[in-house]
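User: Please take a close look at the salt bridges in this model. I would like one connected account of which side chains pair and where they sit.

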Amino acid sequence: MQKTDIRLDSLIAIGLVLFVIMFFLSCGTNAEYKTAATNDSQIVGQPSAEYKKVTAFPKGALIEIKKDSAADTVKVFYERLREKKFRDAIMLTNLRPAIEGLTDDELKELGVDFGFLAQSIPENMPINGEIVVGDKATVTVKMPDENDAKIQTQEVKLRRENDNWVLLLADESGEKEAKKEGNKYFFALRMKVHHEEAKTMLERIYKAQMIYSTKNNGEFADLQTLVAKGYVPQDALGSITTGYKYDIALRENNTLFTSLATPAEYGKTGKLSFAYKVSREKPPELISKDLSGRSF
């Protein structure tokens, strides 16, 4: 099994969560309106690790950006994310109700979730188009496609509110949910993500056990052994990136097992407890239940 960062894999896999991905990974568009001409073969400076596979990346803004314009708002948003000023960045978006009520300590708790975003943002965001129609705007940026790394034009939608431009990072239902949940929104969203990650990790552990058993006379291993052999990601040994504690209960001389996932902090990193049971009587079964933070 390939050793990967399960957190990043899961975020991308379930479409998530943290807003920037919504347009970092959005579908590219061959916009028919006029944008600035650019030579995509030009590479300036040293690209970040996230973009090493990209062979061409434009430099900075490719159009004139006027102060307080829609394009300027997008530019400032990216700059604040890169500088890890997450509260200031999200205040420029329609997810503002979800961030403005957060205390500094609560925002710090979300630091692991927000942190990787800053590393993925180019120093000079290549904004290459701005279209304004009334109180709505579309700003385009040159970004690498997630699948083939080719540079494509991607869109960021905005609307004008009280003479200010607001980035639309959530759709209508997401915006309503942010207003309803307020400062609980990101924590609720994070728990949903962690629940999916826990299931994914337990499925990886199951597959790892199948591989291990074929090489060890049908016996299964504990978690530390699977990680040491590279069958399971290092994340499984800690809860910082996954929000869950993992364990494997071996039975009947290591010929059966149950892998477990329990919230590291009930109500904050997750609510559901999970168990992946392997028995002789029936096929493997993944079960989940709210056990108030207890394990199965």
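**Salt bridges**

Analyst: Arg159 has a relative accessible area of 23% and is therefore partly exposed. The model is a predicted one. The side chain of Arg159 forms a salt bridge with that of Glu175, at 2.4 Å from N to O. Arg159 belongs to strand β3 (residues 151-161) and Glu175 to helix α8 (residues 172-181), so the pair ties together parts 16 residues apart in sequence. Glu175 has 10% relative accessibility and counts as buried, because the cut-off for buried is under 20%.

Two further pairs lie within helices. In helix α9 (residues 185-215), Glu196 and Lys199 are three residues apart, which is about one helical turn. Their closest N and O atoms are 3.3 Å apart, and the two form a salt bridge. Glu196 is partly exposed, at 31% relative accessible area, and Lys199 is partly exposed at 28%. Returning to the pair between strand and helix, salt bridges with shared partners join Arg159, Glu161, Glu175 and Lys179 into one network.

The other helical pair is in helix α3 (residues 70-82), where Lys75 and Glu79 are four residues apart, about one turn of the helix. Their side chains meet in a salt bridge of 2.7 Å, N to O. Lys75 is partly exposed, with a relative accessible area of 32%, and Glu79 is also partly exposed, at 31% relative accessibility.

Side chains of opposite charge can pair when their charged atoms come close. With nitrogen and carboxyl oxygen required to lie within 4 Å, the count comes to 15 salt bridges.

Terms used
Residues numbered from 1 in each chain as written. Predicted model: local features only at pLDDT ≥ 70, side-chain atom pairs only at ≥ 80, totals over all residues. Heavy atoms only, no water. Helix = DSSP H or I, 4+ residues; strand = E, 2+ residues; numbered from the N terminus. Buried < 20%, exposed > 50% of the residue type's maximum accessible area, 1.4 Å probe, protein only.
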